[in-house]
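Hi,

Here is the structure I promised to pass on. Have a look at it first, and my notes follow below.

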Amino acid sequence: MVENWDGKSCSECGGTTFRLVHDEWMKRIFSWIKDQLKMCESCGAKFLVCENCGNLYTRVHPALEQWEVSEECPSCGHVDPDVKAWDGVSAR
């Protein structure tokens with residue numbers, strides 16, 4: 001995760017264009033993914049959407065480690081208790 005990331009641009013490439021995607025595999029692996037994800041049009045990175053402000057909450061990918069997950073939305077400070085409680089163990 002990029003230090004001082006704003007949750008409005010891609011943390012990987014800086015892109016600002018996203019589209020909503022359904023990723024059933026990610027939803028099965030990470031119980032805290034309940035809705036659509038946003039995917040960066042430039043690099044394909046996927047992000048959880050903040051339920052409070054609609055910006056990017058945290059990046060998600062198949063090999064996600066606990067230390068990579070944002071515990072709060074970088075845009076509005078909202079804390080999703082399910083994301084914060086995630087211990088890094090997935091359903092793999």
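To start with one residue: is tryptophan 25 buried, partly exposed or exposed? Tryptophan 25 comes out as partly exposed, at 38% relative accessibility. Bear in mind that this is a predicted model, so everything here is computed from predicted coordinates.

Tryptophan 25 belongs to helix α1, which covers residues 24-29. Its C-alpha atom is 9.0 Å from that of proline 62, a residue 37 places away along the chain.

Now the overall picture. The protein has two helices and four strands, and their order along the sequence is β-α-β-β-β-α. With a radius of gyration of 12 Å, close to the 12 Å that the globule rule gives for 92 residues, the protein is as compact as a globular protein of that length. If you want a feel for the dimensions, the C-alpha atoms fill a box of roughly 30 × 25 × 20 Å along the principal axes.

A few totals for the whole protein:

- Buried residues make up 39% of the 92.
- Take the contacts between residues at least 6 apart in sequence: 43% of these join residues at least 24 apart.
- The exposed area is about 5300 Å², and carbon and sulfur atoms supply 44% of that.
- There are 10 positive and 15 negative charges, and the mean positions of the two sets lie 6 Å apart.

Next, the aromatics. Searching the whole structure turns up five aromatic pairs. One of them brings together tryptophan 5 and phenylalanine 47, with ring centres 5.8 Å apart. Why does this pair count as stacked? The planes of the two rings sit at 25°, and planes under 30 degrees apart are classed as stacked. The pair also links distant parts of the chain: tryptophan 5 lies in the segment before β1 (18-21), while phenylalanine 47 is in strand β3 (residues 46-49), 42 residues apart. Both partners are buried, tryptophan 5 at 10% relative accessibility and phenylalanine 47 at 0%; the cut-off for buried is under 20%. Phe18 joins Trp5 and Phe47 in one aromatic cluster.

Strand β3 also holds lysine 46. Which residues does lysine 46 touch, leaving aside those up to four places away in sequence? The list is Val21, Asp23, Leu37, Lys38, Met39, Thr58, Arg59 and Val60. As for C-alpha distances, lysine 46 and methionine 26 are separated by 9.9 Å, with their positions 20 residues apart along the chain.

Arg59, one of the residues that lysine 46 touches, is itself in strand β4. Arginine 59 is partly exposed, with a relative accessible area of 23%. Its C-alpha atom lies 8.0 Å from that of serine 70, 11 residues away along the chain.

Last, a residue from a loop. Leucine 64 is found between β4 (56-60) and α2 (81-85). Is leucine 64 buried or exposed? Leucine 64 is buried, and its relative accessible area is 2%. In space, leucine 64 is 7.8 Å from glycine 88, C-alpha to C-alpha, although the two are 24 residues apart in sequence.

If you open the model with the aromatics in mind, the cluster of Trp5, Phe18 and Phe47 is a good place to begin. From there, strand β3 leads you to lysine 46.

Cheers

Definitions and conventions. Residues numbered from 1 in each chain as written. Predicted model: local features only at pLDDT ≥ 70, side-chain atom pairs only at ≥ 80, totals over all residues. Heavy atoms only, no water. Rg over C-alpha atoms; globule rule 2.2 N^0.38 Å. Buried < 20%, exposed > 50% of the residue type's maximum accessible area, 1.4 Å probe, protein only. Contact = heavy atoms within 4.5 Å. Areas by Shrake-Rupley, 256 points an atom, 1.4 Å probe, with all protein chains shown as cover. Lys, Arg positive; Asp, Glu negative; His and termini not counted. Charge placed at Lys NZ, Arg CZ, Asp CG, Glu CD. Phe/Tyr/Trp six-rings, centres within 6.5 Å; stacked < 30°, edge-to-face > 60°.
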